[in-house]
Amino acid sequence: MPTSPAQPDEKPGTPLVLVSGSGRSGTSSLAGALKRLGLHVPQPEVEASETNPRGFYEPQWVIDFHKRHLKELALFNIDSRPAAVDLVARHVESGVPTAELHEWLSGQLEADQVVVKDPHAFWFAQVWEQVTAELDVDLRWLTALRHPAEVVGSRDIAYLSSQSDDLRLTKETSNVAGWVHAALLTEQAGRGSRRSFVRYTDLLADWRSALTPVQQQLDLAFNTDLAAPPSEREHHPVDDFIEPSMRKSQLTWDDVRTPDWLREMAEGVWELLGVLTQDPHDTDTMRALDRVHEDYDARYAEAVALTFDHTRAESTLAAREARDAQRATLQQLRRDLDAARRGGTAEAPAVGGREAAAILRRAVVRRVTRR
């Protein structure tokens with residue numbers, strides 16, 4: 001993957017800011033602020049919900065696009081598995097995701113500046129790079145940074161508080177590992193483009209100061225002067241949108257159950273990414289992140305090897321349950337078919353062997369799939 005930023009003397013095409021990274025890191029706040037500062041969000045957008053009443057600022061098509069392909073690969077947004085990267089790469093080789101994105105994005109470039117927010121986007125960085133290059137679009141990455149303890153705990157702590165210690169340890173360990181993996185992949189994805197990082201806490205405390213380096217690093221045009229002294233500032237729509245009360249989760253590592261080595265690794269990644277807020281292409285920091293990435297992959301492989309017997313046993317039991325469910329379904333359906341034949345009327349023709357077999361197959365698939 002290229003590691004040098006775009007050169008200032010290049011003549012870029014339409015600027016497209018891709019807001020990606022781990023969910024619940026402030027990506028919606030960033031995209032919403034950029035929209036109010038004059039950038040265009042492709043329509044229609046995902047509607048606001050009870051969990052995010054201020055809005056997501058995500059193009060519905062992009063969300064559906066990423067989720068559909070991730071679902072096909074049985075991947076999660078912050079999937080902790082290193083092998084997930086290769087799964088996506090092989091899927092992209094089919095050319096289908098690239099063709100779909102090219103067709104959609106080619107119709108979204110009438111605005112002077114575009115912002116697309118989706119926490120899933122880093123998985124398909126290669127697709128975005130190829131398509132934007134084909135369409136003469138200048139791809140620029142924007143990443144919101146939020147402490148991993150807050151990201152992991154923002155939803156799961158309340159739910160897991162009533163669960164067993166073993167379940168809580170398993171779930172929170174998986175979530176922290178997923179955060180580390182997503183953070184490393186997101187950072188890697190933007191190395192060949194203009195990019196910027198902003199801390200969520202800085203954005204809420206003073207959005208003008210937080211977005212000033214973002215504007216400079218991404219070379220964006222805003223509809224207000226962020227550098228104007230306070231006495232000369234006019235009230236801006238972002239003033240009504242961004243406020244400190246949006247930070248509802250203020251958890252620390254004391255609130256999260258996870259192994260010491262993983263907590264230290266996550267904290268190290270958090271600190272290294274913080275350096276990139278000042279210099280998005282700091283060579284020493286990127287090298288340090290690469291070393292962490294190698295360490296993460298190695299430790300994950302060790303964990304998989306350690307749990308081999310457990311995983312194999314769980315897989316065997318799951319297959320056995322599926323077979324038992326299939327047998328029970330077949331037996332019940334045979335009884336239903338026999339009853340239907342015995343009670344048949346002139347208006348209800350008898351079911352033959354082939355038709356019965358087809359009905360059984362379809363019903364079994366439906367019943368087993370729902371389990």
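1. Start with the second largest pocket of this predicted model: its volume comes out at about 730 Å³. Twenty residues, written 20 in the count, line this pocket, and those nearest its centre are Thr173, Tyr300, Ala303, Val304 and Thr307.

2. Who builds that pocket? Four helices each put in at least two lining residues: H7 (165–189), H11 (260–275), H12 (283–306) and H13 (308–342). H12 is the top contributor, with 7 residues. By class, the lining of the second largest pocket splits into 11 nonpolar, 7 polar and 2 charged residues.

3. A quick check on H13, since it is one of the pocket helices. With 35 residues at 1.5 Å each, H13 should span 51 Å, and its end C-alpha atoms sit 51 Å apart, so the two agree. The buried residues of H13 are Ala325, Thr329, Leu333 and Leu337.

4. Now the enclosed spaces. Searching the whole structure turns up 2 cavities of 30 Å³ or more. The largest cavity has a volume of about 100 Å³. Its lining consists of Gly21, Ser22, Ser25, Thr143, Ala144, Leu145, Arg146, Trp179, Ala182, Ala183, Thr186 and Leu273. Strand S3 (137–145) and H7 are the elements giving two or more residues to that lining, and H7 has the largest share, with 4. The classes there are 6 nonpolar, 5 polar and 1 charged.

5. The second largest cavity is about 30 Å³ in volume. Around it you'll find Trp141, Thr143, Thr186, Glu187, Gly190, Arg195, Ser196 and Phe197. S3, H7 and S4 each supply at least two of these lining residues, with S4 giving the most, 3 residues. This lining has 2 nonpolar, 4 polar and 2 charged residues. Thr143 and Thr186 are worth finding on screen: they line the largest cavity and also the second largest cavity.

6. Arg195 deserves a look of its own. It belongs to strand S4 (residues 194–199) and lines the second largest cavity. Is Arg195 buried or exposed? With a relative accessible area of 2%, Arg195 falls under the 20% cut-off, so it counts as buried. Its side chain reaches the backbone oxygen of Pro280 at 2.7 Å.

7. What else does Arg195 touch, leaving aside its neighbours within four places in sequence? The contacts are Trp141, Glu187, Gly190, Gln217, Leu218, Leu276, Pro280, His281 and Met286. Among them, Trp141, Glu187 and Gly190 also line the second largest cavity.

Key
Residues are numbered from 1 along each chain as its sequence is written. This is a predicted model: local features need pLDDT of at least 70, side-chain atom pairs count only at pLDDT 80 or more; totals for chains, interfaces and linings use all residues. Side-chain values use heavy atoms; hydrogens and water are left out. Buried means under 20% relative accessible area, exposed over 50%, partly exposed in between (1.4 Å probe, protein chains only). A polar contact is a pair of N or O atoms within 3.5 Å; within protein, one must be able to donate a hydrogen and the other to accept it, and residues adjacent in sequence count only if both atoms are side-chain atoms. Contact means heavy atoms within 4.5 Å. On a 1 Å grid over the protein atoms alone, a cavity is a set of points where a 1.4 Å probe fits but cannot get out, and a pocket is an open set with protein on both sides within 12 Å along at least five of seven lines; lining residues have an atom within 4 Å of a point. Grid points are joined across faces, edges and corners, and a volume is the space filled by probe spheres set on the points. Ala, Val, Leu, Ile, Met, Phe, Trp, Tyr, Cys and Pro count as nonpolar, Asp, Glu, Lys and Arg as charged, and the others, Gly among them, as polar. The expected span of a helix is 1.5 Å times one less than its number of residues.
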